[in-house]
Every structure is written in structure tokens, then in C-alpha cells.
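Work through the exercises below with the sequence and the coordinates open. Try each task before reading its solution.

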Amino acid sequence: MKQAITTAVAIGILAISGICTALEPAYEGPLGNPEEPALRPYKWMYRGMKALVYQAGTALKQGNLETPVFGTVNLGRGVRRGTMELAESTYKGALGTPVPEKKNDYKDTREVNRVVEDEWLLRNASDAAFTWMYFPLLKANDHYPFEDEKQVDQREKQAKEIRKVREARTADKENDALSGSPVQRAQRRYVGERAAKENAKLKSGRGNLLRLAK
């Protein structure tokens, strides 16, 4: 009896190992090494966790852009999308499905979310499950937002333009901080932009740069 059990266990182990070795690498890494199939469950789960955080954050931002404060209820919909992405990713990892090579794949919604979004009953039922008593407020925000999509897009464009200008100014300041002689860099570090004005005064015979260091 013990020998039969031992034999069955051995056959089971060999069968499982055969399945594992049958999984072929999906791609070659940047260093030429093949993708490791045994890590797929962990990679898929990590992808799902990132999707959960991204979907929740994106929904919260979108809701507040459309209706400040009250749009926060849109977070429930984002959590619903992210939870479904996590569940589907975990399932695909358990099956040993090849991991997507796309770097930002976690930002896209997959099959389960697409089916839910396309079906009116599934979409509303799942939103109600994740927003509870705030579901009517969520639907009100969908149909009667404080700002429509065009206004939201315009605000986002303006925010991106302002961000680019600030980044350009920061880059210019960093370049200016690295330019000039060691004395000029030290002056800018202690008295900032006033150093250029005071140096101009000194060249004309006026001003005292040392008084600014107090």
C-alpha cells in the first residue's frame, strides 16, 4: 500500500514538473535572457496591484474635475475597476499566461471590465456594490456634472501648460546655478537673483554685496 502511494506521488510530481517545463518563455529580456515562466503569477499580481492604485486614483481625479468635492464618490467606481483588474490578473497568473510586454499595460482595462462596462445592468450593479448609499450621488455626477468633458479637458490642458512652464523655469534656474565662475555661483547660492544686480552696481562703482549676506 505504501509503495503504491509513493508511486502515485512520484507520478504526480513528474506530471506537474512536466507541465511547468512545457511553458515556453514569452520573450527575450533586454540582456538577452529568456523570460522566466515561474515568475508569471507574481508579475501578474503586481500588474493587478498597480492597476488597482491607478484606476482608483484616476477615477478620483476625474470625479473631482467634473464636480469638486462631491465627485469624490467616483472613487468607488475606480476601486471597482481596479479590483476587477486585480482579480483577472491573479487568475491569468495562476494559468501561467504570458505577461504583457507593454510597460504601461496596467493602465488599460481588460476583458472583465470591458464586459461590465458594456452591460447596463452589470455596470450599475457593480457600481452600486462599491459605492453603497452614495450610488445615487454617483449617477447624479454622471448625468449632471458641474463641468462637462470639454471644460475638464480644457482645465487639464491648462494645467499641463502651467506644469511645462514651471519645469522649464526650474531647468533654467538649475542651468544658471551651474554657470559662471565659482565666485558667481557662491554669490547666487547666498543671495539668489540679487547677486546679478549687485554685481552690476559694483562694476559701476556702487553697492556692497557683503551686506546682503546678513
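The exercises go from confidence to helix packing and then to single residues.

This is a predicted model, in which local features need pLDDT of at least 70, side-chain atom pairs count only at pLDDT 80 or more, and totals for chains, interfaces and linings use all residues. Residues are numbered from 1 along each chain as its sequence is written, and side-chain values use heavy atoms, with hydrogens and water left out.

**Exercise 1. Judge the confidence of the chain.**

Step 1. Start with the average. The chain has a mean pLDDT of 79; pLDDT is the predictor's confidence in each residue, from 0 to 100. A score of at least 70 is reached by 68% of the residues.

Step 2. Go element by element. Helix 3 has the highest mean pLDDT, 96. Helix 1 (residues 2–22) has the lowest, 49.

Step 3. Look inside the weak part. Residues 14–21 have a pLDDT below 50. That stretch makes 0 contacts in the model beyond near neighbours in sequence. Contact means heavy atoms within 4.5 Å.

**Exercise 2. Describe the fold in totals.**

Step 1. Count the elements. The chain holds 9 helices and 0 strands. Helices (H or I, at least four residues) and strands (E, at least two) are DSSP runs, numbered from the N terminus.

Step 2. Check burial. Of 214 residues, 23% are buried. Buried means under 20% relative accessible area, exposed over 50%, and partly exposed in between (1.4 Å probe, protein chains only).

Step 3. Check the surface. The chain exposes about 15700 Å², and carbon and sulfur atoms supply 62% of that area. Accessible areas come from the Shrake-Rupley method with a 1.4 Å probe; for residues, only the protein chains shown count as cover.

Step 4. Check contact range. Among contacts with a separation of 6 or more, 57% join residues 24 or more positions apart.

**Exercise 3. How do helix 2 and helix 3 cross?**

Step 1. Take the axes. Helix 2 (residues 40–66) and helix 3 (residues 75–94) have axes that come within 7 Å and cross at roughly 170°. Axes are lines fitted to C-alpha atoms, for helices over the stretch in contact, and angles run from 0 to 180 degrees between N-to-C directions.

Step 2. Classify the angle. Helix 2 is therefore roughly antiparallel to helix 3. Angles under 35 degrees count as roughly parallel, over 145 as roughly antiparallel, 65 to 115 as roughly perpendicular and the rest as oblique.

Step 3. Sort the residues. The contact of helix 2 with helix 3 has 12 nonpolar, 8 polar and 5 charged residues. Ala, Val, Leu, Ile, Met, Phe, Trp, Tyr, Cys and Pro count as nonpolar, Asp, Glu, Lys and Arg as charged, and the others, Gly among them, as polar.

Step 4. Pick a residue in helix 3. S89 lies there. S89 is buried, at 1% relative accessible area. Leaving aside neighbours within four places in sequence, S89 is in contact with W44, R47 and G48.

**Exercise 4. Analyse the packing of helix 3 and helix 5.**

Step 1. Get the geometry. Helix 3 and helix 5 (residues 120–131) pack at about 110°, with their axes 8 Å apart. So helix 3 is roughly perpendicular to helix 5.

Step 2. List the partners. Helix 3 supplies G76, R77, V79, R80, T83 and M84. Helix 5 supplies R123, S126, D127, F130 and T131.

Step 3. Sort them. The contact of helix 3 with helix 5 divides into 3 nonpolar, 4 polar and 4 charged residues.

Step 4. Zoom in on D127. D127 is buried, at 1% relative accessibility. Not counting residues up to four places away in sequence, D127 touches R77, R80, F135 and L138.

**Exercise 5. Is T97 buried, partly exposed or exposed?**

Step 1. Place the residue. T97 sits in the loop between helix 3 and helix 4 (111–118).

Step 2. Read the area. At 25% relative accessibility, T97 is partly exposed.

Step 3. Find the partners. Leaving aside neighbours within four places in sequence, T97 is in contact with R40, W44 and K92. The C-alpha atoms of T97 and P37 are 8.6 Å apart, with their positions 60 residues apart along the chain.

**Exercise 6. Inspect the backbone at V69 and W132.**

Step 1. Take V69. V69 is not a glycine, yet its phi is positive, about 70°. V69 lies in the loop between helix 2 and helix 3 and is exposed at 62%.

Step 2. Take W132. Its phi is near 55°, also positive. W132 lies in the loop between helix 5 and helix 6 (135–143) and is exposed, with a relative accessible area of 70%.
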